[in-house]
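Here are a few exercises on charged side chains. Have a go at each one before reading its solution.

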Amino acid sequence: PRDLAKIAKEHRLGSNLLMSLDRTGSLISRDGKPEIQLHTPRVGKLATIMPHAQISLVREEAALGVLPEYLFSAAFSVDALATDEKRFQVIARNKTSGRTAFEATVDAEKGNAMTELRGFDEAGELVEVFTASDLRRVDGVWLPFETRSEYPAAPIAPTVIERHVRSVKINPDISDELFAPPSDYRVTDMTGSDPTQKAGGAPSR
């Protein structure tokens, strides 16, 4: 349990950031492709739904302990080196410069889950460190319940993002009622196009 009001006051967090501290997240996919992402706060009634075009699948894959697909793109040459009986390291080098672009550590005993990812810029400077821990097996899949993302070279200031997962469900039944809007809702269009009138309330900008 956390005193969210106290946290918001101490760190000067707005309502959106405050909501992000205590919410459930669902990634809904079809035929292996993500379609929407649903964030539901534990308090209040406001949920955010992100369509496929707005989902960063790379970020979601890393948070699940999956080696990002871009490591195996044509831009990199990839080597895998065993560090011990339990782990091996995946090194991706830029084919043009020959510099190391990414280093990832994988736990072979836990479903080849990624436990660390280090990213470097073209000059070889460390720009990202992702670590995953507290791996648990959920429905046969190893998933990290604790993750930490560090960006030491962030433009404004070094940034650290920690993620603590309370529970995970894989392919749960999702009731259509979760997507039913209340009768007095209003639609706010934030894409720049004309808002569409919805039953039950008038659109607002």
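**Exercise 1.** Work out how the side chains of Arg-136 and Asp-134 meet, and whether the two residues are buried or exposed or in between.

*Solution.* Keep in mind that this is a predicted model. Start with the distance: N to O comes out at 2.8 Å. The cut-off is 4 Å, so the pair goes down as a salt bridge. Now check accessibility. Arg-136 has a relative accessible area of 37%, and Asp-134 has 32%. Partly exposed covers the range between 20% and 50%, so Arg-136 is partly exposed and so is Asp-134.

**Exercise 2.** Find the salt-bridge partners of Arg-148 and say which strands the pair with Glu-162 ties together.

*Solution.* Take Glu-150 to begin with: its salt bridge with Arg-148 has the closest N and O atoms 3.1 Å apart. Next comes Glu-162, which also forms a salt bridge with Arg-148, here with 2.5 Å between the closest N and O atoms. Place that second pair on the fold: Arg-148 sits in strand β9 (residues 141-151) and Glu-162 in strand β10 (residues 159-164), so the contact ties together parts that are 14 residues apart in sequence. Put the pieces together and you get a salt-bridge network of Arg-148, Glu-150 and Glu-162.

**Exercise 3.** Sort out how exposed the members of that network are, then give the salt-bridge total for the whole structure.

*Solution.* Go residue by residue. Arg-148 is partly exposed at 28%. Glu-150 is partly exposed too, with 27% relative accessibility. Glu-162 comes in at 48%, again partly exposed. As for the total, searching the whole structure turns up 4 salt bridges.

Definitions and conventions:
Residues numbered from 1 in each chain as written. Predicted model: local features only at pLDDT ≥ 70, side-chain atom pairs only at ≥ 80, totals over all residues. Heavy atoms only, no water. Buried < 20%, exposed > 50% of the residue type's maximum accessible area, 1.4 Å probe, protein only. Helix = DSSP H or I, 4+ residues; strand = E, 2+ residues; numbered from the N terminus.
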